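This briefing is meant for a reader who is meeting the structure for the first time. It begins with the overall fold and then moves to particular helices, rings and residues.

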Amino acid sequence: MSGAPSSAGTLPASPLPVLLPFRLGERRRRFPPWRITLLHAVGIVGIGLVVAGGAHAQGAPGQLSAFGVIWKWFPLLMWGFGFNILISVLSMALGTVAGLGLGLAAISQSAPLRQTAWGATQFFRNAPWLVLLFFAMFMIPFQFTILGKTIPFPDWVKAVIGFALPVMANMAEIVRGAVKSLPSGQWEAAESLAFSRRQTLWMIILPQCVKRMLPPWMNLYTLVTMATVQASIVGVTEMLTLIAQVHAAEGGRPDLLAPLYGFAMLCFFVYCYPIERFTLYLERRFQLHQ
């Protein structure tokens with residue numbers, strides 16, 4: 001396509017800028033080339049452990065190094081980390097189920113039900129997680145008596161309930177936001193086909209909301225996983241509790257503090273970082289198809 005003629009003559013033929021092909025690769029180059037990858041982050045944490053572990057030279061001769069202590073207690077520490085993962089999975093499952101019901105109540109046509117759901121969502125969503133954990137630990141009995149039979153209620157189960165409460169509130173907001181994000185034409189089209197509200201919700205609306213809810217749901221799971229270390233404050237035997245016990249068993253050596261807690265940080269990072277990257281991938285993928 002040629003440009004417009006002028007008094008000096010005709011401009012040389014050249015394509016208009018608005019018609020130039022868009023290249024996605026050029027847009028991606030705008031991201032900084034120094035973005036930290038998983039390998040870089042693990043290397044940084046590893047270097048920190050090496051530097052902190054060098055302090056063992058100040059201890060008495062014959063003592064195990066920091067890496068020797070971590071290797072000695074590695075199975076126990078990984079058992080504690082696995083218990084953190086178990087608490088996070090159970091809390092997420094319980095909170096997701098409860099949050100789905102609370103979110104559906106928040107979009108109900110019944111005003112009292114909708115206002116009650118809104119109040120519960122705002123209360124548990126804006127309360128500190130540690131306060132809710134204490135609430136669950138001290139307000140729920142440690143045992144129940146049913147038909148003359150005593151059933152114990154362990155602390156880790158109460159911790160699961162304590163973490164499930166904020167998950168429930170945040171999940172309710174995720175559900176409500178996903179449903180509200182769909183165009184109103186979806187409801188109108190279903191109504192024109194004589195679908196009831198329940199059929200419209202379960203057969204048309206919620207299936208379309210899955211891709212909108214999945215990325216924030218995964219992001220919420222990483223937050224819950226990292227928050228499970230707070231259970232050590234209320235006496236649940238998880239990774240940080242075991243680290244404190246290992247540190248005491250090794251004589252309370254100051255040079256072991258940074259390596260032991262750095263190892264815990266490394267475990268949570270290696271577990272949560274791939275989830276966070278996969279969440280970003282899903283956000284980009286679903287955004288292209290919306």
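Among the contacts in the protein with a separation of 6 or more, 74% are made by residues that lie 24 or more positions apart. The model is predicted, and its mean pLDDT is 81, with 77% of the residues reaching 70 or more. The protein contains eleven helices and two strands, and 35% of its 290 residues count as buried.

**Overall layout and confidence**

- Read along the sequence, the elements follow the pattern α-α-α-α-α-α-β-β-α-α-α-α-α.
- Confidence varies between the elements, with the lowest mean pLDDT, 47, in helix H1 (residues 24-28) and the highest, 94, in H4.
- Over residues 24-34 the pLDDT stays under 50, and for this stretch the model has one contact beyond four places in sequence.

**Nonpolar cores**

- The largest nonpolar core has 52 residues, and those with the most contacts inside it are Leu77, Phe163, Met239 and Leu260.
- The elements that give two or more residues to this core are helix H3 (66-72), H4, helix H6 (129-139), helix H7 (155-181), helix H9 (197-227), helix H10 (239-249) and helix H11 (257-289), and H9 gives the most, with eleven residues.
- A second core, separate from this one, is made of eleven residues, including Ala106, Ala127, Leu132 and Leu165.
- Phe163, one of the residues with the most contacts inside the largest core, is in contact with Ile87, Ser91, Trp129, Leu133, Ala227, Thr228, Gln230 and Ala231 when its neighbours within four places in sequence are left aside.

**Helix H7**

- At 1.5 Å a residue, the 27 residues of H7 should span 39 Å, and this agrees with the model, in which the C-alpha atoms at its ends are 39 Å apart.
- H7 nevertheless bends by about 25° at Ala164, and a proline, Pro166, follows within four residues.
- H7 is mostly covered, since 19 of its 27 residues are buried.

**Aromatic rings**

- The protein has eleven aromatic pairs, and one of them joins Trp79 and Phe83, whose ring centres are 5.7 Å apart and whose planes meet at 5°, so the pair is stacked.
- Both Trp79 and Phe83 lie in helix H4, where they are four residues apart, about one turn of the helix.
- An α-helix has 3.6 residues a turn, so residues three or four places apart point the same way.
- Phe83 counts as buried because its relative accessibility is 14%, which is under the 20% cut-off.
- Ring pairs also link Phe81, Tyr221, Phe268 and Tyr271 into a cluster.

**Residues within helices**

- Trp217 has its place in helix H9 and is partly exposed, because its relative accessible area of 28% falls between the limits of 20% and 50%.
- Leaving out residues up to four places away in sequence, Trp217 touches Met92, Thr96, Met171 and Ile174.
- The C-alpha atom of Trp217 is separated by 9.8 Å from that of Val175, although the two residues are 42 residues apart along the chain.
- Ala66 lies in helix H3 and is buried, with a relative accessible area of 2%.
- Ala66 and Ala258 are 192 residues apart in sequence, while their C-alpha atoms are 9.1 Å apart in space.

**Residues in loops**

- Ser108 is found in the loop between helix H4 (74-106) and helix H5 (111-126), and its relative accessible area of 18% is under 20%, so Ser108 counts as buried.
- Apart from its neighbours within four places in sequence, Ser108 is in contact with Leu113 and Arg114.
- Ala194 lies in the loop between helix H8 (185-192) and H9, where it has a positive phi of about 65° although it is not a glycine.
- Ala194 is exposed, because its relative accessible area of 67% is over the 50% limit.

Conventions:
Residues numbered from 1 in each chain as written. Predicted model: local features only at pLDDT ≥ 70, side-chain atom pairs only at ≥ 80, totals over all residues. Heavy atoms only, no water. Buried < 20%, exposed > 50% of the residue type's maximum accessible area, 1.4 Å probe, protein only. Contact = heavy atoms within 4.5 Å. pLDDT = per-residue confidence, 0-100. Core = buried A, V, L, I, M, F, W, Y, C linked by side-chain atoms within 4.5 Å. Expected span 1.5 Å × (residues − 1). Bend = angle between axes of the 7 residues up to and from the residue. Phe/Tyr/Trp six-rings, centres within 6.5 Å; stacked < 30°, edge-to-face > 60°.
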